[in-house]
Every structure is written in structure tokens, then in C-alpha cells.
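Please look over the structure shown below together with its sequence. The report that follows starts from single residues and then turns to the chain as a whole.

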Amino acid sequence: MNNNAFISVISHEKENRGSVEFQVVCFTTKIRRLTSHLELHKKDYSSQRGLRKILGKRQRLLVYLAKKNRVRYKELISQLNIRELKTR
């Protein structure tokens with residue numbers, strides 16, 4: 001299943017909007033949109049701050065998911081094509 005199909009499947013599940021996976025997908029789309037915006041507007045510091053806040057939220061959700069269910073975490077990061085979290 002490619003990335004866009006995965007996102008559309010998750011976004012159409014209305015009863016599942018509070019799930020960690022759905023929230024991570026939403027944050028990932030926001031992050032990608034903000035990143036492309038910041039490539040054009042390098043000095044938009046408000047958007048940079050917003051991007052950092054969203055990155056932090058997504059990272060906390062991914063840490064939670066990795067602790068709770070490692071299999072779902074691995075599936076999600078592979079389907080969204082994002083890097084695995086650094087372990088301490």
C-alpha cells in the first residue's frame with residue numbers, strides 16, 4: 001500500500017480520529033506542508049516555531065506508540081516513510 005492510499009484509508013475512518021496513528025498521519029501532513037512553505041519563506045519564524053511544536057507532538061506520540069505496541073509503530077513509520085526514533 002503506498003503512502004497516499006494509507007493516509008486516505010486512515011483519514012476516512014471517522015470513528016478512529018483519536019487514534020495515535022491518525023494523529024501521527026495528520027501531524028506528518030502538516031509537517032510536510034509547513035516544510036515546503038518554509039523552503040519558499042525562509043524567514044517566516046512563526047511558521048518555524050509552529051513546525052518545531054508539531055514535530056515535538058509527533059515525536060511524543062511516536063514514543064508512546066513505540067512503548068505500547070512496537071509492531072504498529074514499525075508499520076506506521078515504514079508506511080509514512082519517516083525515520084525511526086533515536087533510542088537512549
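## T28 and its surroundings

In this predicted model, T28 has a relative accessibility of 1%, and because buried means under 20%, T28 counts as buried. The residue has its place in helix α2, and, when residues up to four places away in sequence are not counted, T28 touches R58, L80 and I82. T28 and R58 are 30 residues apart along the chain, while their C-alpha atoms are separated by 7.7 Å.

C26 also lies in helix α2, but at 29% relative accessibility C26 counts as partly exposed. Between the C-alpha atoms of C26 and R58, which are 32 residues apart along the chain, the separation is 9.3 Å.

## L61 in helix α3

L61 lies in helix α3, and with a relative accessibility of 16% this residue counts as buried. Which residues is L61 in contact with, leaving aside its neighbours within four places in sequence? They are V20, Q23, V24 and F27. For one of these contacts, that with V24, the C-alpha to C-alpha distance is 7.0 Å, although L61 and V24 are 37 residues apart in sequence.

## The nonpolar core

In soluble globular proteins, nonpolar side chains tend to be buried together. Here the largest nonpolar core has 18 residues, and those with the most contacts inside this core are V24, L62, Y73, L76 and L80. Helices α2 (20–40), α3 and α4 each supply at least two residues of the core, and the largest share, 7 residues, comes from α2.

L62 can be followed further through its contacts: with residues up to four places away in sequence not counted, L62 touches V24, Y73, L76, I77, I82 and L85. L80, another residue among those with the most contacts inside the core, is also touched by T28, and I82 appears both among the contacts of L62 and among those of T28.

## N81 after helix α4

N81 lies in the segment after α4. Is N81 buried or exposed? At 65% relative accessibility, N81 counts as exposed. The backbone of N81 also deserves a look, since this residue has a positive phi of about 60° although N81 is not a glycine.

## The largest pocket

Rolling a probe the size of a water molecule over the atoms shows where empty space is left. In this model, the largest pocket holds about 560 Å³ of space. The pocket is lined by 16 residues, and those closest to its centre are Q59, R83, E84, L85 and K86. The elements that give two or more residues to this lining are α3 (45–68) and α4 (70–80).

Helix α3 provides the largest share of the lining, 7 residues. By residue class, the lining of the largest pocket divides into 7 nonpolar, 2 polar and 7 charged residues. L85, one of the residues closest to the centre of the pocket, is also one of the residues that L62 touches.

## The chain as a whole

The secondary structure of the protein chain comes to 4 helices and 0 strands, and from the N terminus on the elements run α-α-α-α. The chain has 88 residues, of which 32% count as buried. Where contacts join residues at least 6 apart in sequence, 48% of them are between residues at least 24 apart; the contact between L61 and V24, with their positions 37 residues apart in sequence, and the contact between T28 and R58, with a separation of 30 residues along the chain, are examples from the sections above.

The accessible surface of the protein chain comes to about 6,700 Å², and 51% of this surface belongs to carbon and sulfur atoms.

Definitions and conventions
Residues numbered from 1 in each chain as written. Predicted model: local features only at pLDDT ≥ 70, side-chain atom pairs only at ≥ 80, totals over all residues. Heavy atoms only, no water. 1 Å grid on protein atoms, 1.4 Å probe; cavity = no way out; pocket = protein on both sides within 12 Å on 5 of 7 lines; lining within 4 Å. Points joined across faces, edges and corners; volume = space filled by probe spheres on them. Nonpolar A, V, L, I, M, F, W, Y, C, P; charged D, E, K, R; others polar. Core = buried A, V, L, I, M, F, W, Y, C linked by side-chain atoms within 4.5 Å. Buried < 20%, exposed > 50% of the residue type's maximum accessible area, 1.4 Å probe, protein only. Contact = heavy atoms within 4.5 Å. Areas by Shrake-Rupley, 256 points an atom, 1.4 Å probe, with all protein chains shown as cover.
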